[in-house]
2 protein chains.
Amino acid sequence: MPDSLSPATRAITIRDVATLAGVSVGTASKALNGRGKLRPETRERVTSAAEELGFRPNALARGLLSGRTFTVGLVTSDSFGRFSIPVMLGAEDALGAGQMSVFMCDTRDDPIRERHHIQTLLARRVDGLLVTGRRTEPRPSIGSDLPVPVVYAMTQSTSPDDLSVIPDDVGGGELAVRHLLATGRERIGHVAGPYRFLAARQRVAGMTKVLEEAGLPLAGGAPLHGEWSEEWGRQAADILLRAEPDTDAIFCGNDQIARGVAETVRERGRRIPDDVALIGFDNWEAMALASRPPLTTVDMSLGEVGRIAAEHLLAAIAGRPTSGGVETIPCQLVVRESTGPRRH
Amino acid sequence: MPDSLSPATRAITIRDVATLAGVSVGTASKALNGRGKLRPETRERVTSAAEELGFRPNALARGLLSGRTFTVGLVTSDSFGRFSIPVMLGAEDALGAGQMSVFMCDTRDDPIRERHHIQTLLARRVDGLLVTGRRTEPRPSIGSDLPVPVVYAMTQSTSPDDLSVIPDDVGGGELAVRHLLATGRERIGHVAGPYRFLAARQRVAGMTKVLEEAGLPLAGGAPLHGEWSEEWGRQAADILLRAEPDTDAIFCGNDQIARGVAETVRERGRRIPDDVALIGFDNWEAMALASRPPLTTVDMSLGEVGRIAAEHLLAAIAGRPTSGGVETIPCQLVVRESTGPRRH
């Protein structure tokens with residue numbers, strides 16, 4: 001342990017550093033925090049004195065002196081769920097490099113709890129806030145008059161003044177269907193998530209665009225909207241294959257749906273991918289790898305979403321805010337065995 | 001926003017409160033932090049003055065005055081995985097009631113990163129540390145000479161001086177097999193996780209104890225140890241049912257294994273639970289509910305593990321530490337359709 005943390009030893013303070021360097025406490029503080037205009041020799045003298053004394057600034061006192069606390073608050077609405085965790089890890093990577101610490105709060109999707117957490121974080125003088133959590137639709141802004149910058153990650157604010165960083169679900173739908181077309185599929189169906197989810201509708205939009213460009217109809221006529229579950233995938237595949245027995249590919253709204261679809265396709269005696277190719281969405285490995293065969297899927301690059309959101313926040317804290325709007329991060333195709341050329 | 005946070009308004013300080021109340025700054029601080037001996041009238045006068053001025057103590061300054069920061073650090077080694085998240089949520093519940101904020105850090109299971117995070121947290125003067133993250137075996141202590149209390153949750157420290165709060169895996173194995181016996185099963189097999197995991201061996205120990213008490217042999221003679229995966233479940237069920245075709249129940253090391261076992265059992269034309277009953281471990285709902293039929297399983301009460309660990313930490317911070325050792329939290333049986341009476 002550093003000596004300054006041991007209760008038995010008198011802690012070295014910035015006053016000791018200032019005395020040794022022969023400067024005022026204010027000058028020593030500026031030098032150690034890299035702020036204000038100082039001659040290089042002065043800064044050098046203070047740094048040497050600090051090293052000589054083994055001075056470790058008390059992080060709290062440092063916050064008071066510099067007006068910054070080198071902390072950010074991360075507020076999530078989805079109980080640190082499967083989507084917010086990779087976002088958090090990406091954010092931690094970006095912030096860690098800049099020596100920020102992260103206060104995490106979970107709102108359990110309760111607006112009163114959210115307000116409470118935000119007030120607590122502001123009372124702790126965080127330098128900025130990241131708001132995350134998957135939602136059906138864009139969410140209300142946490143406020144336009146906050147004293148610190150805010151960036152939304154994975155979730156989108158309804159206010160055009162706010163910056164939101166989200167995955168490109170439209171592009172993900174395009175990517176999936178272009179891949180199916182590239183493997184020679186022509187009768188492509190779509191088993192989608194719930195219509196109330198913006199992400200589900202955006203994936204449909206991307207798919208529709210690519211099919212129209214290719215001059216192909218959607219097998220079954222319309223997307224089949226249901227739940228994000230294997231059970232729905234099993235039911236929907238049955239509906240689709242009864243209506244359009246010659247369907248040769250199915251784009252699925254997520255990996256759970258794709259897994260259910262795969263079961264029904266197999267049980268109906270169709271081979272994957274020889275007869276019917278399948279593609280999922282999320283790249284949730286526990287699902288995608290255990291599926292038979294392992295699923296080709298679309299990865300939303302969630303770590304990248306978190307990293308970029310955190311970089312925008314750091315820039316805003318440093319006085320270079322990005323203007324409001326939505327920044328989408330491209331998805332990535334992950335090819336496994338559930339897609340490939342058709343074999344008759 | 002409170003006025004004191006707006007950069008445009010001069011913040012109300014404790015000095016203003018002290019002046020209005022006619023007391024010293026030290027007395028005002030004691031009154032607002034609920035510390036020291038003061039006459040009730042004095043405390044009352046300071047509180048009224050603070051309310052009148054709309055004084056919101058700067059959380060940082062409050063930390064410096066009281067010697068406490070009302071923060072704890074939560075260090076996880078498993079990338080905020082499926083096991084550490086419920087633990088974190090339980091801890092947040094316990095800490096939230098006491099108005100603590102949580103710094104979260106992920107070590108990505110890298111000892112150097114862990115040391116760095118712990119030093120950063122100590123430099124921020126956290127009041128205590130929670131260490132979490134699933135591991136194969138008990139982990140080394142983060143240190144016995146730290147200036148703040150530490151509690152381990154979900155993971156066990158090798159040092160007997162440390163307090164570790166973990167699920168009762170032995171009891172969970174007992175619970176599973178007692179349930180199978182209660183439904184009339186007599187030829188029970190076990191498909192286990194990797195032998196290198198203490199949790200896997202403990203579940204075996206609980207199972208063995210109950211079978212011995214009942215005077216029953218284990219179907220297949222020995223537990224089948226493999227990976228925590230559906231693929232292993234599929235393979236192992238095949239091995240077990242070839243060796244012991246009259247197996248009437250299988251206790252599975254986790255829900256993924258159980259799901260794979262279920263597939264093979266069905267594919268071999270055996271009914272679940274009529275011919276073969278299945279029980280998993282974890283209560284990972286995405287797996288357990290999507291399995292056919294939905295899985296009876298053992299829930300490790302992870303939220304409870306986190307909550308109790310956090311309560312021990314709060315008590316230690318308040319000067320009432322729990323002595324070192326391992327505290328196990330009972331598992332809960334969750335009954336679904338994969339178990340039930342045998343029907344011939």
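# Packing, burial and backbone: a quick cross-check

Colleague: Why are H10(A) and H10(B) called roughly parallel to each other?

Modeller: Their packing angle is about 15°. Angles under 35 degrees count as roughly parallel, over 145 as roughly antiparallel, 65 to 115 as roughly perpendicular and the rest as oblique. About 15° is under 35 degrees, so the label is roughly parallel. The axes (lines fitted to C-alpha atoms, for helices over the stretch in contact; angles run from 0 to 180 degrees between N-to-C directions) are 15 Å apart. This is a predicted model, in which local features need pLDDT of at least 70, side-chain atom pairs count only at pLDDT 80 or more, and totals for chains, interfaces and linings use all residues, while side-chain values use heavy atoms, without hydrogens and water. Residues are numbered from 1 along each chain as its sequence is written, and chains are lettered from A and ligands numbered from 1 in the order in which they are written.

Colleague: Which residues does H10 span in chain B?

Modeller: H10 of chain B covers residues 255–267. Helices (H or I, at least four residues) and strands (E, at least two) are DSSP runs, numbered from the N terminus.

Colleague: What hand does the crossing of H10(A) and H10(B) have?

Modeller: It is right-handed. A crossing is left-handed if the near helix is turned anticlockwise from the far one by less than a right angle, and right-handed if clockwise.

Colleague: Which residues meet there?

Modeller: H10(A) brings A:Arg259, A:Glu263, A:Arg266 and A:Glu267. H10(B) brings B:Arg259, B:Glu263, B:Arg266 and B:Glu267. Contact means heavy atoms within 4.5 Å. By class there are 8 charged residues, no nonpolar and no polar ones. Asp, Glu, Lys and Arg count as charged; Ala, Val, Leu, Ile, Met, Phe, Trp, Tyr, Cys and Pro as nonpolar; the others, Gly among them, as polar.

Colleague: Why are H1(A) and H3(A) called oblique?

Modeller: H1 (residues 14–21) and H3 (residues 40–53) of chain A pack at about 120°, with axes 8 Å apart. That angle falls outside the three named ranges, so the pair is oblique. H1(A) also passes H3(A) in a right-handed crossing. On the H1(A) side the contact uses A:Asp16, A:Val17, A:Leu20 and A:Ala21. H3(A) supplies A:Arg45, A:Val46, A:Ala49, A:Ala50, A:Glu52 and A:Leu53. The classes come to 7 nonpolar, no polar and 3 charged residues.

Colleague: How many aromatic pairs are there over all chains?

Modeller: Rings of Phe, Tyr and Trp (its six-membered ring) pair if their centres lie within 6.5 Å; planes under 30 degrees apart count as stacked, over 60 as edge-to-face and the rest as tilted. The count by this rule is 6.

Colleague: What makes the pair of A:Phe103 and B:Phe103 stacked?

Modeller: The ring centres are 3.9 Å apart, within 6.5 Å, so the rings pair. The planes stand at 20°, under 30 degrees, so they are stacked. The pair runs between chains, from strand E2 (residues 101–106) of chain A to strand E2 (residues 101–106) of chain B. Both phenylalanines are buried.

Colleague: Why does A:Arg139 count as buried?

Modeller: Buried means under 20% relative accessible area, exposed over 50%, partly exposed in between (1.4 Å probe, protein chains only). A:Arg139 has 3%, so it is buried. It lies in the loop between strands E3 (128–132) and E4 (150–153) of chain A. Beyond four places in sequence, its contacts include A:Glu114, A:Tyr152 and A:Ser157.

Colleague: How do you know that A:Thr76 is buried?

Modeller: Its relative accessibility is 1%. A:Thr76 is in strand E1 (residues 71–76) of chain A. Its contacts beyond four places in sequence include A:Cys105 and A:Thr132.

Colleague: Is A:Ile272 buried or exposed?

Modeller: Buried, at 13%. It sits in the loop between H10 (255–267) and strand E9 (277–279) of chain A. Among its contacts beyond four places in sequence are A:Arg292 and A:Pro293.

Colleague: What kind of peptide bond joins A:Arg292 and A:Pro293?

Modeller: A cis one, with omega about -5°. In chain B, B:Arg292 and B:Pro293 are also joined by a cis bond, with omega about -10°.

Colleague: Why is A:Arg108 called partly exposed?

Modeller: Its 28% falls between 20% and 50%, so it is partly exposed. Phi of A:Arg108 is near 50°, a positive value in a residue other than glycine.

Colleague: What is phi at B:Asp282?

Modeller: About 125°, positive although the residue is not a glycine. B:Asp282 counts as buried, at 10%.
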